[in-house]
Amino acid sequence: MRPGRMVTAALAVGATMTANVVAEAHQQRPPRASTARALTGIHLIQHVIVIMQENRSFDSYFGTFPGADGIPRGVCLPDPHNGGCKRPWINHRDRNGNHPHGAGPHKEDVNGGKMNGFIRVAEKAECTPGRPCHVDVMGHHVGSDIPNYWAYARNFVLQDHMFESVASWSLPAHLYEVSGWSAKCTRTGVPSSCTSSLMPPQRLPSRPTPFAWTDLTWLLHRHHVSWSFYLDHGAISKRNPDGTSIHWNPLPGFTTVRRNHQLGSIRPLRVFFKQAKAGTLPHVIWISPNFRDSEHGPALVSTGQRYVTKLINAIMRGPDWKSTAIFLTWDDWGGFYDHVIPRTVDHLGYGIRVPGLVISPYAKKGYIDHQRLSYDAYLKFIEDDFLGGARIDPRTDGRPDPRPDVRESASKLGNLIQDFDFTQAPRQPLILKPCPRTTLRPTPQPGCIDHIALHVSTWGDS
């Protein structure tokens with residue numbers, strides 16, 4: 001999520017969308033996707049929930065996790081501002097920096113596969129010549145800092161080769177999350193006018209639907225598969241500045257969502273909590289945070305972990321836990337160091353590695369998944385579970401667009417089904433304290449409530 005300059009536009013868009021997203025769902029159970037057969041294998045999962053947080057590399061959160069592909073010994077990256085080099089260090093600070101993480105910084109961080117540009121890129125953007133400056137891109141958290149995330153990894157599945165789908169910032173990452181592509185379109189609503197882009201245009205009041213290509217909801221709608229995109233504190237607007245940023249809420253910008261009259265499926269998070277308790281969750285769910293809950297620097301790590309834990313606890317306490325798979329990840333690396341060279345699938349990605357977790361009653365226990373993965377694997381799993389293997393594919397989906405490839409079908413993309421054992425007895429919930437004891441400093445406030453002043457300019461920047 002690169003710093004933006006369009007806060008006023010973001011707020012205006014949010015105001016336009018508020019009327020469309022605040023209608024709450026009818027409290028009824030969605031129709032089952034597999035009523036004609038006994039549920040077995042992948043179809044035991046009737047609720048796929050993607051929780052996407054912000055701005056963390058794998059090494060910054062799990063670089064010392066036992067058995068994972070973590071920080072190698074002897075690493076020392078060039079430190080042009082201070083001289084010499086800087087080694088990875090344990091960073092117990094609750095509040096971390098917001099470092100460059102767009103398409104340009106990605107290229108410089110990777111530096112042709114040397115993976116040594118992180119300090120240089122951050123210092124160039126954040127340090128003033130002649131003054132002390134110590135960026136925290138080489139800092140990493142340990143299990144005692146983020147005990148709940150490590151508890152999920154120990155008890156369920158940790159993916160240590162999950163890559164951001166695109167070598168860029170938040171907006172294209174979230175576009176890949178729901179559509180498997182990031183593009184720039186020259187004609188509103190015309191998918192044939194779209195071309196691949198690492199820096200797609202933002203949704204604006206004057207351009208409410210810049211995304212003309214096909215997203216997953218097009219197929220879900222055609223196959224009568226229920227879905228919702230939940231927004232933490234609703235959509236951002238002038239009246240609701242604490243809402244979710246437009247960059248983390250991409251679906252209102254898709255032509256398909258509006259033409260199918262699906263804006264009502266984009267809902268405030270309070271609806272999610274009601275449905276989780278009632279056992280009426282839809283089949284496919286995406287959840288995006290607001291800035292304060294996002295872990296996007298300078299927001300607090302402890303507050304983000306609290307938010308995520310409350311989401312997972314709500315699912316585990318509800319009737320739908322027994323048929324749910326939760327995929328927890330982070331949208332991009334946020335400028336933080338990671339040592340694994342991103343693999344190339346096409347000219348847009350993959351991006352730098354991010355954490356990935358699978359939490360489910362059918363997830364293997366304490367399993368570390370070394371498969372090559374990206375957010376495309378989430379789409380693949382959903383399509384295999386609910387759509388009979390149909391893909392967002394210009395040749396078959398009934399709505400052609402010129403995307404260069406069908407990422408879900410990439411030969412080297414792993415399959416999330418490897419993270420499950422559908423023959424095992426369903427796992428019991430793991431209810432955790434949202435604000436556990438931690439080594440983060442300063443010690444989090446009671447309840448891990450974040451009282452840091454976050455300037456309005458950050459709410460639309462991500």
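Select C435 and C448 to begin: in this predicted model, the torsion about their S-S bond is 80°, and the link is right-handed. The two cysteines form a disulfide with sulfur atoms 2.0 Å apart. The pair connects distant parts of the chain, 13 residues apart, with both C435 and C448 in the segment after α11 (376-386). Colouring by accessibility separates the two partners: C435 is partly exposed at 28% relative accessible area, whereas C448 is buried at 2%.

Next, select C185 and C194. Their sulfur atoms lie 2.1 Å apart in a disulfide, and this link is right-handed because the torsion about the S-S bond is about 100°. Here C185 is buried, with a relative accessible area of 16%, and C194 is buried as well, at 2%.

Move then to C76 and C85, a disulfide with an S to S distance of 1.9 Å. The torsion about that bond is about 90°, so the disulfide is right-handed. C76 is partly exposed at 25% relative accessible area, and C85 is partly exposed at 43%.

The count of disulfides comes to four. With the bonded cysteines numbered in sequence order, the pairing reads 1-2, 3-4, 5-6, 7-8.

Turn now to the interior. The largest nonpolar core holds 103 residues, and those with the most contacts inside it are F62, F272, W286, I287 and F327. Select residues 301-317 to display helix α10, which gives the most to this core, with eight residues. Centre the view on F327 afterwards: among the residues it touches are V48, I49, V50, I51, Y378 and F420. Finally, select I71, L77, V110 and V135, which belong to a second, separate core of 16 residues.

Technical notes. Residues are numbered from 1 along each chain as its sequence is written. This is a predicted model: local features need pLDDT of at least 70, side-chain atom pairs count only at pLDDT 80 or more; totals for chains, interfaces and linings use all residues. Side-chain values use heavy atoms; hydrogens and water are left out. A nonpolar core is a set of buried Ala, Val, Leu, Ile, Met, Phe, Trp, Tyr and Cys residues joined through side-chain atoms within 4.5 Å. Buried means under 20% relative accessible area, exposed over 50%, partly exposed in between (1.4 Å probe, protein chains only). Helices (H or I, at least four residues) and strands (E, at least two) are DSSP runs, numbered from the N terminus. Contact means heavy atoms within 4.5 Å. A disulfide is a pair of cysteine sulfur atoms within 2.5 Å. Lists of a residue's contacts leave out its neighbours within four places in sequence.
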